[in-house]
Number of protein chains: 2
Amino acid sequence: MNSKVKSVTQDQKIYEHIFDAILEQRLAPGIKLTEEGLGEVFGVSRTIIRRALVRLTHEGVIELIPNRGAYVAKPNVEEARQVLDARRLIELALVERVVARGAQLEREIKTLRSLIKEEHASAARADTGTAIRLSGEFHLELAQLANNEPMANFLRALVSQTSLIIAMYESSQGSNCAIDEHSRLLDAIEQGDKKTALSLMAEHLDHIEARLELVQGEQEVDLAKVFAHLRVRA
Amino acid sequence: MNSKVKSVTQDQKIYEHIFDAILEQRLAPGIKLTEEGLGEVFGVSRTIIRRALVRLTHEGVIELIPNRGAYVAKPNVEEARQVLDARRLIELALVERVVARGAQLEREIKTLRSLIKEEHASAARADTGTAIRLSGEFHLELAQLANNEPMANFLRALVSQTSLIIAMYESSQGSNCAIDEHSRLLDAIEQGDKKTALSLMAEHLDHIEARLELVQGEQEVDLAKVFAHLRVRA
DNA sequence: TATCAACTGATTGTATACAATCATATTCAT
DNA sequence: ATGAATATGATTGTATACAATCAGTTGATA
């Protein structure tokens with residue numbers, strides 16, 4: 001019964017667990033992850049944990065500081081801007097390629113519709129973490145249909161970083177609008193309406209970035225400014 | 001004297017050595033790299049080697065097969081097509097962003113010119129390996145100027161895979177034309193001529209792909225076709 | 001009281017020992 | 001001679017022990 005499970009390596013599973021935890025905001029940006037702590041949780045030695053952490057580092061969700069340890073990444077506003085800039089480029093290209101494949105994709109589109117349904121359900125019960133994760137999975141599943149593995153892999157890193165960005169900078173309105181956008185985007189793709197699909201994707205990403213800029217100043221604490229009123233003259 | 005060197009970790013250095021060796025074709029596609037063998041060469045234990053190999057795997061130049069070991073990747077024609085497709089997308093976007101920065105880049109452009117000079121010198125003395133590496137470095141240095149780290153990182157993986165692709169599929173004419181193309185591309189960027197810069201970059205990547213398709217059938221041996229003339233009827 | 005130095009505890013860096021796994025060579029039966 | 005089954009050697013998978021490093025604390029000194 002467990003012979004099939006072997007095809008997924010241990011560190012692969014642990015990688016996914018940590019990945020999901022971060023995407024669902026059960027691990028906040030900046031939190032330190034000790035190797036021994038994680039090892040106890042998952043019942044393995046530090047060796048396995050290291051491999052998982054290295055991979056997460058390469059995807060940009062973990063920052064690995066030599067001799068200091070692993071921390072959940074805290075993307076600043078500039079990094080967030082770059083990530084969303086890259087997403088805009090990649091995802092528009094992916095949508096274009098998916099639309100080009102056109103009618104071959106009936107079954108895959110059904111899968112995506114059920115993903116949207118799940119996402120909607122999560123949002124309805126205020127399960128924000130799951131909703132964010134499912135939103136990301138929608139984008140990644142869509143990317144799989146474009147027949148370009150390097151791009152899909154790259155998007156994986158971008159999406160996970162976006163989840164961190166949302167976790168850090170989201171305003172209360174949340175992801176309800178995003179769900180409708182996913183739905184409409186999928187409609188356009190199904191109908192082969194490239195132009196509409198592209199503009200919907202662009203809009204979608206613009207909305208995320210718009211939310212980000214709303215709270216731009218909040219995160220970077222400039223101590224000099226905070227205490228400017230009582231600063232002693234040099 | 002060696003306190004500054006510490007900032008680069010051991011596995012970082014080993015990673016770069018292997019990376020360069022692959023890019024310079026001193027390690028051919030398909031070659032097996034044993035952990036102990038590498039460990040002896042670099043005077044470290046397998047632990048360090050593992051980290052370097054994991055990173056190389058994530059960049060797509062090494063294939064890590066569970067319980068079997070690490071092999072230099074052998075991209076097939078479809079994978080090559082995807083890599084070059086992705087490069088076209090990313091590098092055009094990067095050129096656009098570099099041109100947009102315009103005149104701030106005098107010093108950086110000089111650095112790029114000296115890189116081209118080195119590349120030219122390598123090609124002149126038929127040092128193909130170094131020429132390929134320097135060609136890749138030109139693209140990566142250019143990417144640094146676009147102010148988008150995720151994209152630049154992604155390009156790093158794409159360029160290294162391209163070097164493998166060239167190693168596997170190159171025809172004899174080699175990279176001389178590419179050098180002129182680099183030079184002209186840089187001219188266009190320096191003059192802020194976006195349109196020319198974009199079309200030169202597109203041309204440049206088309207040339208690489210054109211070379212690839214020339215030898216498309218050579219690598220994937222379809223036994224059924226090879227022995228089609230003597231096949232027994234079902 | 002403030003500053004700096006040394007100490008302490010905890011965490012990561014690295015090497016190594018042993019277990020698990022796979023490829024190859026060998027043996028045996030047909 | 002061919003084929004399958006088994007044995008062997010080499011390589012990777014994993015855990016762990018010890019060394020190196022760092023952050024925070026304690027204590028001495030001005």
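## Where the two chains cross

Helix 7 of chain A packs against helix 4 (residues 77-101) of chain B at an angle of about 55 degrees. Their axes lie 7 Å apart. That angle makes helix 7 of chain A oblique to helix 4 of chain B. This is a predicted model, so every statement here describes a prediction.

Which residues meet at this crossing of helix 7 of chain A and helix 4 of chain B? From helix 7 of chain A come A:Glu149, A:Pro150 and A:Met151. From helix 4 of chain B come B:Gln82, B:Val83 and B:Ala86. By class, this contact has 4 nonpolar, 1 polar and 1 charged residues.

## The whole A-B contact

Now take the two chains as wholes. In chain A, 18 residues are in contact with 18 residues of chain B. Three helices of chain A each supply at least two residues of the side that touches chain B: helix 3 (46-58), helix 4 (77-101) and helix 7 (149-169). Helix 4 of chain A gives the largest share, 6 residues. By class, the side of chain A that touches chain B divides into 10 nonpolar, 4 polar and 4 charged residues.

## Around DNA strand C

Both chains reach DNA strand C. It is surrounded by 18 residues. The closest are A:Glu35 and A:Gly69 from chain A, with B:Ser45, B:Thr47 and B:Asn67 from chain B.

Which elements each supply at least two residues of the surface near DNA strand C? Chain A offers helix 2 (35-42) and strand 3 (69-72). Chain B offers helix 1 (10-23) and helix 3 (46-58). The largest share, 3 residues, comes from helix 3 of chain B. The surface near DNA strand C divides into 4 nonpolar, 8 polar and 6 charged residues.

## Around DNA strand D

Turn to the other strand. There are 17 residues around DNA strand D. Those that come nearest are A:Ser45, A:Thr47, A:Asn67, B:Glu35 and B:Gly69. Two or more residues come from helix 3 of chain A, and likewise from helix 2 (35-42) and strand 3 (69-72) of chain B.

Which helix gives the largest share of the surface near DNA strand D? Helix 3 of chain A does, with 3 residues. By class, this surface has 4 nonpolar, 8 polar and 5 charged residues.

## Helices 2 and 3 of chain B

Helix 2 and helix 3 of chain B both appear in the DNA surfaces above. They also meet each other. Their axes come within 9 Å and cross at roughly 110 degrees. Angles of 65 to 115 degrees count as roughly perpendicular, so helix 2 and helix 3 of chain B are roughly perpendicular to each other.

In helix 2 of chain B, the residues in this contact are B:Glu35, B:Glu36, B:Leu38 and B:Gly39. They meet B:Arg46, B:Ile49 and B:Arg50 in helix 3 of chain B. The contact divides into 2 nonpolar, 1 polar and 4 charged residues. B:Glu35 belongs to this contact, and B:Glu35 is also one of the residues that come nearest to DNA strand D.

## Helices 5 and 6 of chain A

Helix 5 (residues 106-124) and helix 6 (residues 128-144) of chain A have axes that come within 8 Å. They cross at roughly 165 degrees. That makes helix 5 of chain A roughly antiparallel to helix 6 of chain A. The crossing is left-handed.

Helix 5 of chain A contributes several residues, including A:Leu112, A:Leu115 and A:Ile116. Helix 6 of chain A contributes others, among them A:Leu134, A:Phe138 and A:Leu142. By class, the contact has 8 nonpolar, 4 polar and 4 charged residues.

## How confident is the prediction?

Chain A averages a pLDDT of 85, and 84% of the residues score at least 70. Two stretches of chain A stay under 50. One is residues 1-6, with 0 contacts beyond four places in sequence. The other is residues 217-234, with 4 such contacts.

Key: Residues numbered from 1 in each chain as written. Chains lettered and ligands numbered in written order. Predicted model: local features only at pLDDT ≥ 70, side-chain atom pairs only at ≥ 80, totals over all residues. Contact = placed C-beta atoms within 7 Å. Helix = DSSP H or I, 4+ residues; strand = E, 2+ residues; numbered from the N terminus. Nonpolar A, V, L, I, M, F, W, Y, C, P; charged D, E, K, R; others polar. pLDDT = per-residue confidence, 0-100. Near = placed C-beta within 6 Å. Axes fitted to C-alpha atoms, helices over the stretch in contact; angles between N-to-C directions. Parallel < 35°, antiparallel > 145°, perpendicular 65-115°, else oblique. Left-handed = near helix turned anticlockwise from the far one by under 90°.
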